[in-house]
Amino acid sequence: MAKSKGARIVITLECTNKSIEISQKRKAGVFRYTTTKNRRNTPSRIELKKFCPNCNRHCIFKEIK
């Protein structure tokens with residue numbers, strides 16, 4: 001028998017800060033984290049403040065699809 005989907009799903013968080021300086025020698029891309037969330041407790045999209053190595057500071061990361 002097939003099991004139904006669980007309550008926990010894997011989500012991707014992406015940095016929302018667009019002011020990445022090109023003069024830095026770091027890779028000028030978008031930084032993403034992966035984590036899990038309980039879809040029954042938090043049906044809306046998550047926003048967390050985490051460290052972004054591209055920006056070199058703490059930024060707001062939003063859930064993407």
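**Fold, core and ring contacts of a four-strand protein**

The protein has zero helices and four strands. Here helices (H or I, at least four residues) and strands (E, at least two) are DSSP runs, numbered from the N terminus. The model is predicted: local features need pLDDT of at least 70, side-chain atom pairs count only at pLDDT 80 or more, and totals for chains, interfaces and linings use all residues. Residues are numbered from 1 along each chain as its sequence is written, and side-chain values use heavy atoms, with hydrogens and water left out.

Along the sequence the pattern is β-β-β-β. The protein has 65 residues, of which 23% count as buried. Buried means under 20% relative accessible area, exposed means over 50%, and partly exposed lies in between (1.4 Å probe, protein chains only). The accessible surface comes to about 5400 Å². Carbon and sulfur atoms hold 52% of this surface. These areas come from the Shrake-Rupley method with a 1.4 Å probe; for residues, only the protein chains shown count as cover. Contacts (heavy atoms within 4.5 Å) were also examined by sequence separation. Among those between residues at least 6 apart in sequence, 53% join residues at least 24 apart.

The four strands form an open sheet in the order S2-S1-S4-S3, with antiparallel pairing. Strands pair if DSSP finds at least two bridges between them. S2 and S3 are the edge strands, each pairing on one side only. Neighbouring strands are turned by 45° against each other on average, direction ignored. Axes for such angles are lines fitted to C-alpha atoms, for helices over the stretch in contact; angles run from 0 to 180 degrees between N-to-C directions.

Within the sheet, S1 and S4 run antiparallel and are joined by four bridges. Cys15 has Phe61 in S4 as its bridge partner. Glu14 stands opposite Lys62 in S4. On the other side of the order, S3 (residues 47–52) pairs with S4 in the antiparallel sense over six bridges. Here Lys50 has Cys59 in S4 as its bridge partner. S3 and S4 form a hairpin with four residues between them. Asn56 is found in the loop between these two strands, S3 and S4. Its phi is positive, about 65°, although Asn56 is not a glycine. Asn56 is partly exposed, with a relative accessible area of 44%.

The largest nonpolar core holds eight residues: Ile11, Leu13, Cys15, Ile46, Cys52, Cys55, Cys59 and Phe61. Two elements, S1 (8–15) and S4 (57–64), each give two or more residues to this core. S1 gives the most, with three residues. A nonpolar core is a set of buried Ala, Val, Leu, Ile, Met, Phe, Trp, Tyr and Cys residues joined through side-chain atoms within 4.5 Å. In soluble globular proteins, nonpolar side chains tend to be buried together.

Cys59, a member of this core, has several contacts beyond its neighbours within four places in sequence. These contacts are with Cys15, Asn17, Leu48, Lys49, Lys50 and Cys52. Asn17 lies in the loop between S1 and S2 (32–38). Asn17 is buried, with a relative accessible area of 17%. Neighbours within four places again left aside, Asn17 is in contact with Cys55, Arg57 and Cys59. Cys55 and Cys59 also belong to the core.

The structure holds two aromatic pairs. Rings of Phe, Tyr and Trp (its six-membered ring) pair if their centres lie within 6.5 Å; planes under 30 degrees apart count as stacked, over 60 as edge-to-face and the rest as tilted. Phe31 and Tyr33 form an edge-to-face pair, 5.2 Å centre to centre with 85° between the planes. Phe31 is partly exposed at a relative accessible area of 27%. Tyr33 is partly exposed as well, at 25%. Tyr33 and Phe61 have ring centres 5.2 Å apart and planes at 65°, so this pair is edge-to-face too. Tyr33 lies in S2 and Phe61 in S4, so the pair ties together parts that are 28 residues apart in sequence. Phe61 counts as buried, at 0% relative accessibility. Ring pairs thus link Phe31, Tyr33 and Phe61 into a cluster. Phe61 also belongs to the nonpolar core and is the bridge partner of Cys15.
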